[in-house]
Amino acid sequence: MKDHNLFSIIPYKDQLIKLEGARSARAIYQHFTIDLLNGKRLSSEFSEWISAYQKKRLSDDEKYPRIIHLFYELGFLIEKNFQFLGPDTLLAVDIEFEFFKEIQLEEVEELQLKRMTYPLLSDYRSAFEEGYQELIMGNCYQFNLTFPFSYSFEKKYTPLDFIFSLWKDAEKRGAYGSATYIPYFKKLFLSNSPECLFQYKQNIISSMPIKGTMLWNEAKSWRPLWKKLVADKKSQAELYMISDLLRNDLSRIEHPKAVVTKKKFPKLVPGLLHQYSQIDVELSNEVSLWRVIEKIFPGGSITGAPKLRAMRLIERLEKRERGFYCGSTLILFKKMKSASINIRSSTIDFDRYELLYQAGGGITLLSEVDDEYKEMTYKLNSFIRSLTP
């Protein structure tokens, strides 16, 4: 099975939709752009890309399906913290497709992954304790601490092997998942995200942050576990803080009238039980897509609060770019206008034959280091077990 052309695949209702025949495809950096169809490097400022989306209204109909991957570091550009951006920091990938079609799952060879790197508890503890001091001093109220995991795989596997392995069970597909293979990079950006940065319907934009995690044996009912999660003070504090942050972010788009419409609801994903809230705000037809992005990206659930202060702390603690992970994927397809938060996500490199996965969670004053480390591994296992036998 071979498919090495540029394409995206998205779960859409009960189907898998393949987008292909790219009309345009660009990788956007701060001071240049790469045409992903011919490999040419073009001299252009990021402001030129922004300008196009300042003119594009969120309410506009889409003639062609479009996938826009916003990488986490774009948040530093939005906040004008340019010191955290390198000259080759990828900020966005923007692809407009000509065609789309429903595809059927195909039988693929079972994936075999070999673990290469795994964060030690001692390394996690060191970063946790340094960040925890910032909480004690009142410099922030919550920060999201993450670490990378890497796996090697054999050369025989293709992008479709990974995609079909992840999504073989329709019931376990992330509601905001996506997959994009880019030949220029020889990389597959693969997400099974259950989390929504925003979705737009009939002038209402909604955000649904996830906070709080418990290990769930899928052979048993989740309802007794839900009672424990609802009663967990640390999980509740996380959710309420981020819900308030998102309410403020949404109110900055146009009208300060964002409201929490769901305070605490269950979210089931493979092997895990989460809780989420929903915050809504009504917008006029004139609001641009860029206006929405600049006011709410990156999502507060993967930064912390206050957002910019948490982002600066995260950069100091993690000492690496997050990239695709914790960014967002915008899908503009038919009436679908939504953006994920790219958790349960990986970057798969077919040049190095390496899968990079990252995971973490929110840290508050009620956090315990051993519990947070375990939660991080639960999130890793949720993704890897969906991929492998």
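Author: Buried means under 20% relative accessible area, exposed over 50% and partly exposed in between (1.4 Å probe, protein chains only). Helices (H or I, at least four residues) and strands (E, at least two) are DSSP runs, numbered from the N terminus. The model is predicted, so local features need pLDDT of at least 70 and side-chain atom pairs pLDDT 80 or more, while totals for chains, interfaces and linings use all residues. Numbering runs from 1 along each chain as its sequence is written, and side-chain values use heavy atoms, without hydrogens or water.

Reader: Okay, which residues of α7 are buried?
Author: Helix α7 is mostly covered, with 6 of its 8 residues buried. Going along the helix, the buried ones are L289, W290, V292, I293, K295 and I296.

Reader: Which residues have the most contacts inside the largest nonpolar core?
Author: A nonpolar core is a set of buried Ala, Val, Leu, Ile, Met, Phe, Trp, Tyr and Cys residues joined through side-chain atoms within 4.5 Å. The largest one here has 48 residues, and its best-connected members are W49 and F198.

Reader: And which helix gives that core its largest share?
Author: The biggest contribution is 5 residues, and these come from residues 289-296, that is, helix α7.

Reader: How many residues are in the second, separate core?
Author: This other core includes I103, I163, L188 and Y357. It stands apart from the largest one, and its residue count is 44.

Reader: Which residues in α7 does F198 touch?
Author: Contact means heavy atoms within 4.5 Å. Leaving aside neighbours within four places in sequence, F198 has partners that include L58, I205, L330 and A339. Its list also holds three of the buried α7 residues, namely L289, V292 and I296.

Reader: What sits around S346, and is S346 buried or exposed?
Author: S346 belongs to strand β19 (residues 345-349). Apart from residues up to four places away in sequence, S346 touches L188, F189, L190, F324, L355, L356, Y357 and F383. With a relative accessible area of 1%, S346 is buried.

Reader: Now α8. Within what arc do its buried residues fall?
Author: The buried set in α8 (residues 307-318) is K307, A310, M311, L313, I314, L317 and E318. Look down the axis, taking directions from the axis to the C-beta atoms. Those residues line one face of the helix, because they fall within an arc of 165°.

Reader: What does that buried side of α8 pack against?
Author: Several elements meet these residues, strands and helices alike. The partners are α2 (74-78), α3, β8, α6 (233-251), α7 and β16 (304-305).

Reader: Where are the cis peptide bonds around P298 and P306?
Author: P298 is in the loop between α7 and β16, and P306 is in the loop between β16 and α8. Omega is about -10° for the P298 bond and near -10° for the P306 bond. The residues joined are F297 to P298 and A305 to P306.

Reader: K80 and C326 have positive phi; which one is buried and which is exposed?
Author: Phi is near 60° for K80 and near 70° for C326. K80 lies in the loop between α2 and β6 (92-103), whereas C326 lies in the loop between α8 and β17 (328-333). Their relative accessible areas are 61% for K80 and 1% for C326. That makes C326 buried and K80 exposed.

Reader: What phi does K319 take?
Author: K319 comes just after α8. Its phi is positive, at about 60°.

Definitions and conventions
The expected span of a helix is 1.5 Å times one less than its number of residues.
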